[in-house]
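Student: Hi! Could you walk me through this structure? I'd like to start with how helices pack.
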Amino acid sequence: MIAGSRGNGGACVEEISSLMQGFAVALTPFNLLLMAIGITLGVIIGVLPGLGGANGVAILLPLTFSMSPTSAIIMLSCIYWGALFGGAITSVLFNIPGEPWSVATTFDGHPMARQGRADEALVAAFTSSFVGAFVAVLMITFMAPIVARFALQFGPAEFFAVFFLTFASFIGMSKGSPFKVIAAMCLGFALGAVGLDKMTGTLRLTFGHDELLSGFDFLIAVIGLFGIGEILTSIEDGLKFQGAHAKMRLSSVLTTWRKLLPYWATSIRSCLVGCWMGITPGGATPASFMAYGLAKRFSPNGKNFGKGEIEGVIAPETAAHAAGTSALLPMITLGIPGSPTAAVLLGGLMIWGLQPGPMLFVEQKEFVWGLIASMYLGNIAGLIIVLTCVPLFASILRIPFAIIAPVILVVCAIGAYTVHNSMFDVWMMLVFGIIGYIFNKLEYPLAPLVLAIVLGDKAEEGFRQALLSSQGDLSIFFSNWLVGSIMGLGIVLLTWPLISGLFAMLTRRNATKLADSGAAGE
């Protein structure tokens, strides 16, 4: 027992030492400049409806090709932090969710702004966002090495089981139709299969086009699906911006911070919800709604929610940032993204020649701890920037959307062209943009499609390697407690919509029988 405690203490000291080395990497002048630029760009992306964290990272990913992987991931992750902060500005001032997870913030944030408490609502949102992200980064700091060391025991069967669990989680935990999730995922698998088969060396689904020998470039697909698709939808909606004004004073910041202290229980509960929904493929949007619902249920002022209650801003913002940040944990340790933005970052790591997963902590230790250190610094920088520059960022919405949309489209086209200096990629970007637009109109989710494009070939490779080692015996996926438990959990999640549907049907039938027997007794 004593030896175990010493081992845990030694591991903790080693992680803190590695984190200090990461701060040394992240605190170089160039990386600090990239943090400031990334946060600023991210807030702008978060402020503009039609964009978002995943879209912004995808569009700006080509800018990082000339940088070192550490500097590139620092800038892209800071764009993500900035987008998380920026969504609250439009939610509070304009009642327009800049991000999907900011919808719940509008319920009480905008009523506060209409009551002349916009500064209070924004300070509460930014501070809660910082707290949620900080707790999630602390979890990543101490959990990531443990998960990575555990994952070093994985073979092809275990890795396929984890991929299967990830795909099944999207199906089982989806709020929409599971059939739409499966359809989107199948299209992603088909797109991911295009090109040269790594196992046999044969060509698949290229239809004679030499440009498709290496398959669909992940970056082109993401820029089209997210950037072009969202902008086309926004143009159709004809967005017009009208909202409240906010001035941030030091006195109002300090006053609001004092008001937030009594809501520590709400913050802790929302952090737990966010971290759980981030590690699992639940995502920031469900986390924000779940935290808001729990806060309303447990608050003594629950009846005032929706009328300008500050607790209704604290809960969703804390949970959304905790979920958005903790989604990077499975990406770094297992190579499995927990959110669309994490999927885009995963693709970026692969472009830079890095393989996310447990070996990343062994082979690229400086990179991993530099990234984790930048999470701490990026969130601090983000809080300072948004508190001091809210009026400036809010003024962006005074620019007509008819001017902003073409600029974004041009940036997308330039980004797609620079991947391979080919016009074919630009045309493919437009095709993916139309697919993204159609998916939005038909309410098909894009996240499972992106996930399947990124991980489809890796899941196939793990599946085939496992079957080769077992000579085609499927029992290898249940050959030990580790792979068997992961596959079992995946099967439960895969069939969960059917199980929950049958349970609901039986509950209704029993309720009907009880009602009928009661009526007969009377």
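Tutor: Happy to! One definition to begin: a helix axis is a line fitted to C-alpha atoms, over the stretch in contact, and the angle between two axes is taken between their N-to-C directions, from 0 to 180 degrees. Two packed helices are described by that angle and by the distance between the axes. Please keep in mind that this is a predicted model.

Student: Okay, so at roughly what angle do α11 and α13 cross?
Tutor: The axes of α11 (residues 264-279) and α13 (residues 311-326) cross at roughly 35° and come within 7 Å.

Student: Is that crossing left-handed or right-handed?
Tutor: The crossing of α11 and α13 is right-handed.

Student: Which residues meet there?
Tutor: On the α11 side, they include Ser267, Ser270, Cys271, Gly274 and Gly278. On the α13 side, among them are Ile314, Ala315, Ala319, Ala322 and Ala323.

Student: Can we zoom out? What does the secondary structure of the chain come to?
Tutor: The protein chain has 22 helices and two strands.

Student: And how much of the chain is buried?
Tutor: Of the 522 residues in the chain, 55% are buried.

Student: What about contacts between residues well separated in sequence?
Tutor: Take the contacts with a separation of 6 or more: 77% of them are between residues 24 or more positions apart.

Student: New topic: how many salt bridges does the structure hold?
Tutor: There are three salt bridges in the structure. In one of them, Glu120 pairs with Lys259, and their closest N and O atoms are 3.3 Å apart. That pair links distant parts of the chain, since Glu120 sits in α6 and Lys259 in α10 (residues 250-260), 139 residues apart.

Student: Is Glu120 buried or exposed?
Tutor: Glu120 has a relative accessible area of 10%, so it counts as buried, because the cut-off for buried is under 20%. Its partner Lys259 has 39% and is partly exposed.

Student: Which residue does Arg204 meet in a salt bridge?
Tutor: The side chain of Arg204 meets that of Glu460, at 2.8 Å from N to O. Glu460 lies in α20 (residues 447-469) and Arg204 in strand β2 (residues 203-204), so this salt bridge ties together parts that are 256 residues apart in sequence.

Student: Does Glu460 come up again? What else does its side chain meet?
Tutor: Glu460 also forms a salt bridge with Arg464, at 2.9 Å from N to O. Both of these residues are in helix α20, four residues apart, which is about one turn of the helix. Put together, Arg204, Glu460 and Arg464 are linked in a network of salt bridges.

Student: And how exposed are those three?
Tutor: Glu460 is partly exposed at 25% relative accessibility. Arg204 is partly exposed at 22%, and Arg464 is partly exposed at 22% too.

Student: Let's look at the outside. Which residues form the nonpolar patch on the surface?
Tutor: The patch is made of Ile16, Met20, Phe134, Leu138 and Phe142, and together they have about 410 Å² of accessible area. Two elements give two or more residues to the patch, namely α1 (2-26) and α6 (118-151).

Student: Which element gives the most?
Tutor: Helix α6 does, with three residues. As for Ile16, that residue is in helix α1 and counts as partly exposed at 40% relative accessibility.

Student: What's the accessible surface of the protein chain overall?
Tutor: It comes to about 22,600 Å², and 68% of that belongs to carbon and sulfur atoms.

Student: Now loops. Where is Glu309 found?
Tutor: Glu309 is in the loop between α12 (284-298) and α13. Its relative accessible area is 12%, so Glu309 is buried. Leaving aside neighbours within four places in sequence, Glu309 is in contact with Asp108, Met112, Tyr263, Asn301 and Asn304.

Student: Last one: what is the phi of Glu443?
Tutor: Glu443 has a positive phi of about 60°, although it is not a glycine. Glu443 is in the loop between α19 (423-441) and α20, and is exposed with a relative accessible area of 63%. Gln471 is not a glycine either, and it has a positive phi of about 55°. You'll find Gln471 in the loop between α20 and α21 (481-494), where it counts as exposed at 76% relative accessibility.

How values were computed
Residues are numbered from 1 along each chain as its sequence is written. This is a predicted model: local features need pLDDT of at least 70, side-chain atom pairs count only at pLDDT 80 or more; totals for chains, interfaces and linings use all residues. Side-chain values use heavy atoms; hydrogens and water are left out. Patches are made of residues with over 30% relative accessible area and no salt bridge: like charges are joined within 9 Å, nonpolar side chains (Val, Leu, Ile, Met, Phe, Trp, Tyr) within 5 Å. Accessible areas come from the Shrake-Rupley method with a 1.4 Å probe; for residues, only the protein chains shown count as cover. A salt bridge is a side-chain nitrogen of Lys or Arg within 4 Å of a carboxyl oxygen of Asp or Glu. Buried means under 20% relative accessible area, exposed over 50%, partly exposed in between (1.4 Å probe, protein chains only). A crossing is left-handed if the near helix is turned anticlockwise from the far one by less than a right angle, and right-handed if clockwise. Contact means heavy atoms within 4.5 Å.
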